[in-house]
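Biologist: I am new to this structure. Please take a close look at one helix and set it in the context of the whole chain.

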Amino acid sequence: MITVAIIEDEPAIRKEISYLIQQEANTELVGWSDSVRTAVKLIEEKQPDVILMDIQLRDGTAFDLLKMLSPIPQNIIFITAYNHFAIKAIKYGALDYLLKPVDQTELKEALERYRRRTDNNPQWMQQLSMAQDSISTAELPESIALNSVHNVRIVSVNDIIYCKGDGPYTFFFLNDGTKQLISKPLKYYEELLPAPHFLRTHQSYLVNRRFVSGINRSEYIVLKNKEEIPISTRRRNAVLTQLFPEK
């Protein structure tokens with residue numbers, strides 16, 4: 001049996017999520033809160049297995065709430081309305097989230113991800129900090145969390161040489177010579193690693209311009225490590241304009 005607490009200040013959303021939880025087998029709703037102050041008491045008393053938490057509450061944010069808990073729980077699924085900066089911030093930290101209005105299938109999948117968890121994540125605090133900083137500044141963060149099948153790896157954005165898409169997967173090629181396979185498509189990271197910092201040169205490639213040393217016949221980007229990344233015909237003008245803007 002999984003116990004769940006809801007931290008949400010919109011009554012209609014809270015009622016809908018409560019209903020969805022009741023439809024889930026082996027899942028019990030143990031309480032709800034609509035504020036930071038009352039949520040602290042609820043979490044400490046009930047110790048729920050999973051916390052469904054809105055980012056913006058009426059008397060603060062989810063991050064304000066987490067600072068008041070010791071230890072900070074790792075069993076959080078964030079809830080957010082469609083807000084570009086909030087969603088990007090959550091993705092930078094590779095945090096689990098649900099969009100409002102919450103969908104039954106997506107809730108089921110989120111709970112299933114919790115069931116598959118086997119141990120604590122030592123980088124959890126860093127992931128939370130990255131998301132909070134990104135929401136505060138609305139800028140490209142210094143680091144990004146890459147959530148693979150086996151672990152979460154925090155990498156500096158400046159250490160990403162390029163990303164290569166392969167269907168539903170993305171390979172990250174890093175400056176230390178390693179690569180990381182992530183089960184997200186390249187389009188997912190194109191939004192998180194935008195121009196002018198990164199160049200989408202091809203359907204399958206996203207390149208960090210810090211590592212570009214030149215171009216070859218307008219068909220390839222040449223990297224500082226001598227690798228050549230193809231430039232598609234469709235994207236050629238945009239790539240050249242970004243690399244060599246007219247003065």
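Modeller: What follows starts with the whole chain and then turns to helix α4. This is a predicted model, in which local features need pLDDT of at least 70 and side-chain atom pairs count only at pLDDT 80 or more, while totals for chains, interfaces and linings use all residues. Residues are numbered from 1 along each chain as its sequence is written, and side-chain values use heavy atoms, with hydrogens and water left out.

The chain has 8 helices and 17 strands; these are DSSP runs numbered from the N terminus, helices being H or I with at least four residues and strands E with at least two. Of its 247 residues, 47% are buried, where buried means under 20% relative accessible area, with a 1.4 Å probe and protein chains only. The C-alpha atoms fill a box of roughly 65 × 35 × 30 Å along the principal axes.

Helix α4 spans residues 84–92 and is mostly covered, with 7 of its 9 residues buried. Those buried residues are Ala86, Ile87, Lys88, Ala89, Ile90, Lys91 and Tyr92. Two kinds of element pack against them. The strands are β6 (76–80), β7 (97–99) and β8 (143–147). The helices are α6 (124–137) and α7 (186–192). Contact here means heavy atoms within 4.5 Å. After α4 comes Ala94, which has a positive phi, near 55°.

Contacts also link distant parts of the sequence: among those in the chain with a separation of 6 or more, 53% are between residues 24 or more positions apart.

Terms used. Buried means under 20% relative accessible area, exposed over 50%, partly exposed in between (1.4 Å probe, protein chains only).
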